[in-house]
Amino acid sequence: MKIRVGEGINPYYAQTLAMLFFPGAKFPEDPAEDDGQAELTASLEETEEGYLAHAALRAGEKTAQADGRYLFSEGIPVSRGKKLALGRAVFAAGKELFGIQPPWGILTGVRPAKVAMECLASGSGIMKTRAFLRSEYFLSLKKATLCTGVAAAELKLKRSLTPDMCSVYISIPFCPSRCAYCSFVSYTTPRLLSLIDDYLDLLLLEIRSVFRHIENQGKKVASIYIGGGTPTILSEEQLKKLLTEIGRCTDVSSLLEFTLEAGRPDTINPEKLKIARACGVTRISVNPQSMSDVVLETIGRRHTVADFLRAYNIAVKSGIGTINVDLIAGLPGDNFTRFSRSLDRVAELAPQNVTVHSFCVKKSSDFLRESTEIYRRGGGDAVKCVDYSQLKLRNTGYKPYYLYRQKNTVGNLENVGFAKEGKEGIYNVVMMEEYHSVYGAGAGAVTRLVRWGEDEGRAEKIKRIINPKYPYEYLRGDFSERALLARLEEGERAVALPGGEELAPDPQDA
Ligand code: SF4
């Protein structure tokens, strides 16, 4: 797809808007590689009242154009004015061209609840916030209600945290085999899996330094999250070594939450979960993704529904208080009938958390070549599946508490975490909404140092420190305590300096 934009318009933001109506579109740098089938042309001007944008969309022979305005008098920060004007113009042109209204309107960012959160934090009530999302960002009633509900849950959770709190993320980027849709960095071959012992030794050094730094800063750890990959790929002995070291570094009994991702049912056994419980783990994730063996085979999950049920039973018997179950809507091979059955079966198990993701094809996934089949304007069955999941889970005692969106998701849909009352996954919320600093350890882990100001709705400044992505790079890094502490201290100094620095900003936030 071709994008032509005038002065004052960020071309990447224009691409994001174009994808509302052209899901899965490619934007080749070399014009010769473009198929000439679609185009967005946009311009922007500043007037006395605000910004005026003009957008023209073409799909094959069909064209449509429209204007979009942002007025300085609207009360929305002027820093968002250009984007709003352009968004409104593209939305109107797309609506005319295709006769559809994307349910998320022009809210294109990763964290859609952020805008609602700012409204609520500034004193707007639920109704006013919902109406604002509908009128200014064109959200459908369903999405505006979801977004406002999640923002209210997050705000409640945020107000229960104290300013001296932080969280810790620990990465175990290894899996027993690779799922066909996966784009995470995760080692799966026997040769690479043989690195686990060396990796663990280095990781323990980093974990020690991270906790020492947290102590030096006078901070209190609210939550720990061990993610991956599949952390339960570790043997009993390795898992015990890791969890025991964490227990030496911090008082795990005072944590608000301690999560161990067990992800793949084929890595779970009673002994591992007994160790986890004894070492203070309070939340575990066991993920079938689908409760259909046909779908599991299509997506290369290498386990069956029976394997999941066996693992889930082990998790229940382990006594770990919160179990999360992940499902994915819109998977290849899935349809509404299979998905709704999957969801019903999971709801019958009544785990404390259910997370419903929308299928997303990422660059390195084996499904990429099929992506044009997967992305249909309007989202196909996936839209029905997501709607069903939200209705069913609300009707069975769950509330949405966590929400994010990704690029290239089927139907431009969302990922939603649901929880029984009081069982919300704290780490998920603080990490997604950047409520406090999260210190990362391990390959691919990102430390996010966050400074909040007076404004309750958004972080003032965020500094990211990114670890080497691949385990083999990580194993070559300088993880001496001196080097680690110096890196973290430099980050803390940078985030404490006046002024804002937001790295890798969410397009919607700027
Ligand atoms: S279990 Fe998760 S991280 Fe591992 S290969 Fe499958 S999708 Fe990727």
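This report describes the domains, nonpolar core, ligand shell and cavities of one protein chain.

The model is predicted. The domain assignment divides the protein chain into domain 1, residues 1-97, and domain 2, residues 161-433. Between the C-alpha centres of domain 1 and domain 2 the distance is 36 Å.

**Nonpolar core**

The largest nonpolar core comprises 156 residues, and within it Leu242 and Ile246 touch the most other members. Helix 7 provides the largest share of this core, with 10 residues. Both assigned domains take part, since domain 1 (1-97) and domain 2 (161-433) each contribute at least three residues to this core.

**Ligand shell**

Around the ligand are the cysteines Cys175, Cys179 and Cys182, together with Ser177, Arg178, Tyr181 and Phe184. Farther along the chain, the shell also takes in Gly229, Thr230, Arg264 and Arg301. By class, five residues of the shell are nonpolar, three are polar and three are charged.

Ala180 lies in the loop that runs between strand 5 (165-172) and helix 6 (190-193). Is Ala180 buried or exposed? Ala180 counts as buried because its relative accessibility is 15%, and the limit for a buried residue is under 20%. Ala180 and Arg301 are 121 residues apart along the chain, yet their C-alpha atoms are separated by 7.4 Å. Arg301 is also one of the residues around the ligand.

**Cavities**

The whole structure contains three cavities of 30 Å³ or more. The largest cavity has a volume of about 60 Å³. Its lining consists of Glu206, Val210, Gly440, Thr447, Ile465, Asn467, Leu484, Arg487 and Leu488. Two helices, helix 7 (196-216) and helix 17 (481-496), each supply at least two of the lining residues. Which helix gives the most to the lining of the largest cavity? Helix 17 does, with three residues. Helix 7 thus has a part in two settings, as it supplies residues to the cavity lining and gives the largest share of the nonpolar core.

The table sets out the residue classes of the ligand shell and of the cavity lining.

| Site | Nonpolar | Polar | Charged |
|---|---|---|---|
| Shell around the ligand | five residues | three residues | three residues |
| Lining of the largest cavity | four residues | three residues | two residues |

Among the charged residues, the ligand shell includes Arg178, Arg264 and Arg301, while the cavity lining includes Glu206 and Arg487.

Conventions
Residues numbered from 1 in each chain as written. Predicted model: local features only at pLDDT ≥ 70, side-chain atom pairs only at ≥ 80, totals over all residues. Heavy atoms only, no water. Near = heavy atom within 4 Å. Domains from an automatic or database assignment. 1 Å grid on protein atoms, 1.4 Å probe; cavity = no way out; pocket = protein on both sides within 12 Å on 5 of 7 lines; lining within 4 Å. Points joined across faces, edges and corners; volume = space filled by probe spheres on them. Helix = DSSP H or I, 4+ residues; strand = E, 2+ residues; numbered from the N terminus. Core = buried A, V, L, I, M, F, W, Y, C linked by side-chain atoms within 4.5 Å. Buried < 20%, exposed > 50% of the residue type's maximum accessible area, 1.4 Å probe, protein only.
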